Amino acid sequence: MITHNGTYLLHATHHGMPIYAATMGGKMVITWLLPHTQQAIVAAFGSAEGTEVIRKTNDYLNRIATTDPQRAQQISGFINEDPMLVCSLVETSKVRLLMGDG
């Protein structure tokens, strides 16, 4: 997630090219969630809470990446395939249920 003046941007660009990762003070700042994933989260949670869920998810993945970057990348891939997986990883107002027929 890219921020500007403390605001998370869903679509950061530089001269018309999308920004997916950046460095800050020599430290890599990784955007784990793809734009379509971020849009799905904002659509599901609303603008304010969606932005907070995205921030919490990126923080969660950044903590994992400090010890196991490959695992963080793998988890982000799962989230990008199924954005509502965030309900199982970070605290949100929604609960994801799996209902069976039996």
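This tour goes from the whole chain to one helix, then to the core, and lastly to some charged pairs.

**Before you start**

The model you have open is predicted, and for that reason local features are described only where pLDDT is at least 70 and side-chain atom pairs only at pLDDT 80 or more, while totals for chains, interfaces and linings use all residues. Residues are numbered from 1 along each chain as its sequence is written, and side-chain values use heavy atoms, with hydrogens and water left out.

**The whole chain**

Begin with the full chain in a cartoon view, where you can find four helices and six strands; helices (H or I, at least four residues) and strands (E, at least two) are DSSP runs, numbered from the N terminus. If you follow the chain from the N terminus, the elements run β-β-β-β-β-β-α-α-α-α. Among contacts between residues at least 6 apart in sequence, 52% join residues at least 24 apart, where contact means heavy atoms within 4.5 Å.

Now switch to a surface view: the protein exposes about 6,800 Å², and carbon and sulfur atoms supply 56% of that area, as computed by the Shrake-Rupley method with a 1.4 Å probe, only the protein chains shown counting as cover for residues. Of the 102 residues, 29% count as buried; buried means under 20% relative accessible area, exposed over 50%, and partly exposed in between (1.4 Å probe, protein chains only).

**Helix α2**

Select residues 47–65, which form helix α2. At 1.5 Å a residue, its 19 residues should span 27 Å, and the end C-alpha atoms are indeed 27 Å apart, which agrees; the expected span is 1.5 Å times one less than the number of residues.

Next, show the side chains of the buried residues of α2, which are Gly50, Val53, Ile54, Thr57, Asn58, Tyr60, Leu61, Ile64 and Ala65. Looking down the axis of α2, you will see these buried residues fall within an arc of 160 degrees, so they line one face of the helix; the arc is that of the directions from the helix axis to the C-beta atoms. What do the buried residues of α2 pack against? Their partners are α1 (35–45), α3 (69–81) and α4 (86–89). Turn to the face of α2 that points away from its buried side, and you will come to the exposed residues Ala48 and Arg63.

**The nonpolar core**

In soluble globular proteins, nonpolar side chains tend to be buried together. Here the largest nonpolar core has 17 residues, and of these Ile41 and Val86 touch the most other members; a nonpolar core is a set of buried Ala, Val, Leu, Ile, Met, Phe, Trp, Tyr and Cys residues joined through side-chain atoms within 4.5 Å. The elements that give two or more residues to this core are α1, α2, α3 and α4, and α2 gives the most, with six residues.

Select valine 86 and show what surrounds it: leaving out residues up to four places away in sequence, valine 86 touches Ile41, Phe45, Val53, Thr57, Ile79 and Thr92. Then move to serine 76 in helix α3, which is buried, with a relative accessible area of 1%. Setting aside neighbours within four places in sequence, serine 76 is in contact with Trp32 and Leu61.

**Charged pairs**

Side chains of opposite charge can pair when their charged atoms come close. A salt bridge is a side-chain nitrogen of Lys or Arg within 4 Å of a carboxyl oxygen of Asp or Glu, and by this rule the count comes to three.

Return to α2 and select Glu52, Arg55 and Asp59, which are linked in a network of salt bridges. Arginine 55 meets glutamate 52 at 2.4 Å, N to O, and arginine 55 also meets aspartate 59 at 2.7 Å, N to O. Why are arginine 55 and glutamate 52 separated by about one helical turn? They are separated in this way because they are three residues apart in helix α2.

For the last stop, select aspartate 82 and arginine 96, whose closest N and O atoms are 2.7 Å apart in a salt bridge. This pair links distant parts of the chain, with aspartate 82 in the loop between α3 and α4 and arginine 96 in the segment after α4, 14 residues apart. Aspartate 82 is partly exposed, at 28% relative accessible area, and arginine 96 is partly exposed, at 40%.
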